[in-house]
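Me: I've got a model open and I'd like to talk through how it packs. Can you take my questions one by one?

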Amino acid sequence: MSGRAVVLSIVLGDHGVTATVGDTAASASYDDVADQVWKAVLTATAEATAVHSANRVALTCITGRLALWDLETLGSPTGLIDAVALGELAETDPHTWAHVETGRYAVGPLDSYVLARMTRGVWHATSASTADLLGALPAPDEALPDVLPDGERVGRTDPAAFLGLDVPISL
């Protein structure tokens, strides 16, 4: 690994993740499961950081997909969904919806889910650029992420959760 420290940029797309550090980029695809998104983030990041070290992480979400996850375990009880499917969840899966209403499950754009995984559940936030999606969601405010300005630094990765990296994160 070179001694040069640069930004690790992670872009979350509809079916894949791209991690870029300096001039090294790596991609990994995923199916419609939040846990697979996390595995794709880890795979792409491990490959990209094999060449350059990273001094911070910048997360960008370019998909309208949503994740639901257990705030305690960070596991996801459903596949990735959109706003329409979330609106139908109370009828199609009342057990899962009850956990959203009681605050056990969080819901948010993929950047908020990945941020939660990187910080072992300490942070539940999204960038202002993805916040438009939140206004139409029927979920209680407590289940939704905090909205932060684009580029806002939100905390640090937890090395035990994120490939041994202990670096600041921005959205």
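Reply: Sure. One term up front: a nonpolar core here is a set of buried Ala, Val, Leu, Ile, Met, Phe, Trp, Tyr and Cys residues joined through side-chain atoms within 4.5 Å. Also bear in mind that this is a predicted model.

Me: Which residues of the largest nonpolar core touch the most other members?

Reply: That core has 40 residues. Strands S1 (2-12), S2 (16-21), S3 (24-29), S4 (52-61) and S5, plus helices H1 (34-48) and H4 (110-118), each supply at least two of them. The ones that touch the most other members are Ile-10 and Met-118.

Me: And which element gives the largest share of this core?

Reply: The contribution to look for is seven residues. The element supplying that largest share is H1.

Me: How many residues are in the second, separate core?

Reply: Its members include Leu-66, Leu-68, Ile-81 and Val-100. The count for this second core is 15 residues.

Me: Is Arg-117 buried or exposed?

Reply: Arg-117 is found in helix H4, and its contacts beyond four places in sequence are Asp-35, Trp-38, Leu-74 and Ala-161. A polar atom of its side chain lies 3.4 Å from the backbone oxygen of Leu-74. The cut-off for buried is under 20% relative accessible area. Arg-117 has 18%, so it counts as buried.

Me: Why do the buried residues of H3 line one face of the helix?

Reply: The buried residues of H3 (residues 94-102) are Thr-96, Trp-97, His-99 and Val-100. Seen down the axis of H3, they line one face because they fall within an arc of 155°. The general background is that an α-helix has 3.6 residues a turn, so residues three or four places apart point the same way. For H3, then, the value behind the one-sided pattern is that arc of 155°.

Me: What covers the buried residues of H3, and which exposed residues does the face turned away carry?

Reply: The cover includes strand S5 (66-70), helix H2 (83-92) and strand S6 (105-109). The face of H3 turned away from its buried side carries the exposed residues Pro-94, His-95, Glu-101 and Thr-102.

Me: In the hairpin of S2 and S3, which residue takes a positive phi near 60°?

Reply: S2 and S3 run antiparallel and are joined by six bridges, with Thr-18 opposite Ser-27. S2 has Val-17, Ala-19 and Val-21 on its covered face, and Gly-16, Thr-18 and Thr-20 on the uncovered one. Two residues sit between the strands of this hairpin, and the one with that phi is Gly-22.

Notes
Residues are numbered from 1 along each chain as its sequence is written. This is a predicted model: local features need pLDDT of at least 70, side-chain atom pairs count only at pLDDT 80 or more; totals for chains, interfaces and linings use all residues. Side-chain values use heavy atoms; hydrogens and water are left out. Buried means under 20% relative accessible area, exposed over 50%, partly exposed in between (1.4 Å probe, protein chains only). Helices (H or I, at least four residues) and strands (E, at least two) are DSSP runs, numbered from the N terminus. The arc is that of the directions from the helix axis to the C-beta atoms. Contact means heavy atoms within 4.5 Å. Two strands pair if DSSP finds at least two bridges between them. A polar contact is a pair of N or O atoms within 3.5 Å; within protein, one must be able to donate a hydrogen and the other to accept it, and residues adjacent in sequence count only if both atoms are side-chain atoms.
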